[in-house]
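Reader: I have a model open on my screen and would like to learn how to read its features. Could you take me through a few?

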Amino acid sequence: MSFYIDIVTSLISVMIPLLLFNLIYDHFTKSHQNLEMSDSIANALMLNKSILSRFSSGARKSFIKNSTESLLGNEEGRMLYTTLIAPYLDNKYNFRRNFKYNICYSESPKVYSYKDHTAQFDPEYYYWVEEELSF
């Protein structure tokens, strides 16, 4: 009788680490699969124009806003979207063809001078924006 009890306790002592390993392995495998799946969905959405064209206008605007915020950070992305991108998406401006428009953002401190006044902008609070438009 003690022989059977020893076999059962040995099996139980082996099963507990195997069960724990299986649970941990399953958790990491599923999280890795979720990351791969979300990456493949994001790639499919961003690389295929026909898929994006099937979404509603509001969903596409939200996609652009979220992409901008994820690239630049919430505050800077929201500022860029609301001041520069959203007005063009809402057709508030007429588009002009055959022009070159460059925007450059920098965080370096800039000194602005006008006549006898000078001002320095702290890069912690301000971005220096340079725009160039040519036709």
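Reader: Which residue stands opposite Ser 113?

Author: Happy to help, and do keep in mind that this is a predicted model. Ser 113 faces Thr 118, a residue of β3. The two belong to a pairing of strand β2 (residues 110–114) with β3, which is antiparallel and runs over five bridges.

Reader: How many residues lie between β2 and β3?

Author: Two, and the strands form a hairpin. Look at Lys 115 in the turn: its phi is positive, about 55°.

Reader: Is strand β3 buried or in the open?

Author: Buried means under 20% relative accessible area. None of the five residues of β3 (residues 117–121) is buried, so the strand lies largely in the open.

Reader: And what counts Thr 68 as buried?

Author: Its relative accessibility is 9%, so Thr 68 counts as buried. Thr 68 sits in helix α3 (residues 57–72). A polar atom of its side chain lies 2.8 Å from the backbone oxygen of Ile 64. Beyond its neighbours within four places in sequence, Thr 68 is in contact with Gly 73, Gly 77, Leu 80 and Ile 85.

Reader: Where is the kink in α4 centred?

Author: On Thr 82, with a kink of about 40°. Helix α4 (residues 74–89) spans only 20 Å between its end C-alpha atoms, while a straight helix of 16 residues would span 22 Å.

Reader: Which elements do the buried residues of α4 pack against?

Author: They pack against α3 and β1 (100–106). Among these buried residues are Gly 77, Leu 80 and Tyr 81. After α4 comes Asn 91, with a positive phi near 60°.

Definitions and conventions: Residues numbered from 1 in each chain as written. Predicted model: local features only at pLDDT ≥ 70, side-chain atom pairs only at ≥ 80, totals over all residues. Heavy atoms only, no water. Helix = DSSP H or I, 4+ residues; strand = E, 2+ residues; numbered from the N terminus. Buried < 20%, exposed > 50% of the residue type's maximum accessible area, 1.4 Å probe, protein only. Polar contact = N/O pair within 3.5 Å; in protein donor to acceptor, adjacent residues only side chain to side chain. Contact = heavy atoms within 4.5 Å. Pairing = 2+ DSSP bridges. Expected span 1.5 Å × (residues − 1). Bend = angle between axes of the 7 residues up to and from the residue.
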